[in-house]
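Here is a short report for a reader new to this structure. Look over the sequence and the model before reading on.

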Amino acid sequence: MLEIRHLRTLAALRSAGSLVRAAELLNLTQSALSHQVKLLEDRYGGPLFERKTVPIGFTAIGARLLRLADMMLPEIEQAERDVARLMQGDQGQLRVALECHTCFDWLMPVMDEFRARWPEVEIDLVSGFHSEPAELLRTGAADLVIGSDYSADYATFPLFRFEILTVMAQKHRLATHRRLHAADFEGETLITYPVPEQRIDLIREMLRPAGVAFQRRTAELTVAILQLVASRRGLAALPNWAIKNYVDYDYVIARPLGEHGLWSDLYVSVPPALRQKAYVADFVKVIREQCAATLDGIKLLS
């Protein structure tokens with residue numbers, strides 16, 4: 001029997017573009033997702049999509065079921081939101097604070113989609129740079145924080161893991177290196193956002209433990225950091241999604257850090273009182289869905 005979860009699987013495959021990322025999006029193992037797909041293909045007597053295309057190319061069978069998913073899933077999700085409104089009330093607010101300054105690039109479309117789903121919930125950004133964004137939750141100055149902190153004091157929802165890459169000018173002396181290690185930064189200028197050193201993964205995880213001496217320069221905007229990097233004023237370390245377009249157009253080049261790369265995890269944290277709010281769970285869902293579909297090189301957290 002065709003079930004709602006099957007339609008959600010097909011929608012996730014289209015959104016994520018691959019079995020691996022779709023499994024992450026659905027919080028399933030890849031083997032469980034493959035088994036579910038095989039059962040559907042056995043039922044309908046043919047493949048749902050081409051296995052060797054990236055992104056996934058759907059067959060006529062898969063495309064027809066996707067059209068059904070496009071008809072049914074929005075109605076089901078709207079009904080679920082309506083029931084949540086009846087049970088929990090339809091008012092609320094989300095004042096969002098960011099630890100990750102590059103998150104602005106993908107957060108704006110997320111907020112637009114959320115407003116369309118929950119027009120009665122007031123959502124806004126807490127302005128300014130925050131060296132300790134989780135402190136805003138404690139003081140009541142924010143309702144939701146997006147950052148790398150994972151504290152038992154708050155309700156925490158996992159988002160995704162991303163790689164931090166070194167960014168440098170095309171003709172930088174380190175441009176011939178395939179990957180960079182802590183010693184490569186000796187005497188270099190590191191260009192960062194104006195946040196405490198302990199909040200910068202490269203400094204905290206690699207440079208300080210290795211005793212590397214470096215200079216530091218700050219800029220508030222990602223584009224300003226990249227302009228300084230391109231003009232050979234120093235190096236930067238930024239998330240893979242934030243620099244992709246600049247690397248693709250040869251404005252700068254990027255290299256991985258360390259033998260296994262430098263990775264960071266991103267979470268949503270809210271006060272315990274908001275844990276059960278349907279609009280909070282839906283906000284997290286929108287982030288995961290949109291980022292899985294649009295950000296290269298991330299790994300959704302379960």
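## Where to start

In which helix is the place of N240? N240 belongs to helix α9, which covers residues 240-248. The model is a predicted one.

## Around N240

Is N240 buried or exposed? Its relative accessible area is 12%. Buried means under 20%, so N240 counts as buried.

Which residues does N240 touch, leaving out those up to four places away in sequence? They are F162, E163, L165, D296 and G297. G297 also has a polar link to N240: the backbone oxygen of G297 lies 3.2 Å from a polar atom of the N240 side chain.

## The whole protein

The protein has 302 residues, and 48% of them are buried. Its secondary structure comes to 10 helices and 12 strands. Helix α9, where N240 sits, is one of these helices. Along the principal axes, the C-alpha atoms fill a box of roughly 65 × 50 × 30 Å.

Contacts often span the sequence. Take those between residues at least 6 apart: 75% of them join residues at least 24 apart.

## Surface and charge

The accessible surface of the protein comes to about 15,300 Å². Carbon and sulfur atoms account for 53% of that surface.

How many charged side chains of each sign does the protein have? There are 35 positive and 38 negative side chains. The centres of the two sets lie 5 Å apart.

Technical notes. Residues numbered from 1 in each chain as written. Predicted model: local features only at pLDDT ≥ 70, side-chain atom pairs only at ≥ 80, totals over all residues. Heavy atoms only, no water. Helix = DSSP H or I, 4+ residues; strand = E, 2+ residues; numbered from the N terminus. Buried < 20%, exposed > 50% of the residue type's maximum accessible area, 1.4 Å probe, protein only. Contact = heavy atoms within 4.5 Å. Areas by Shrake-Rupley, 256 points an atom, 1.4 Å probe, with all protein chains shown as cover. Lys, Arg positive; Asp, Glu negative; His and termini not counted. Charge placed at Lys NZ, Arg CZ, Asp CG, Glu CD. Polar contact = N/O pair within 3.5 Å; in protein donor to acceptor, adjacent residues only side chain to side chain.
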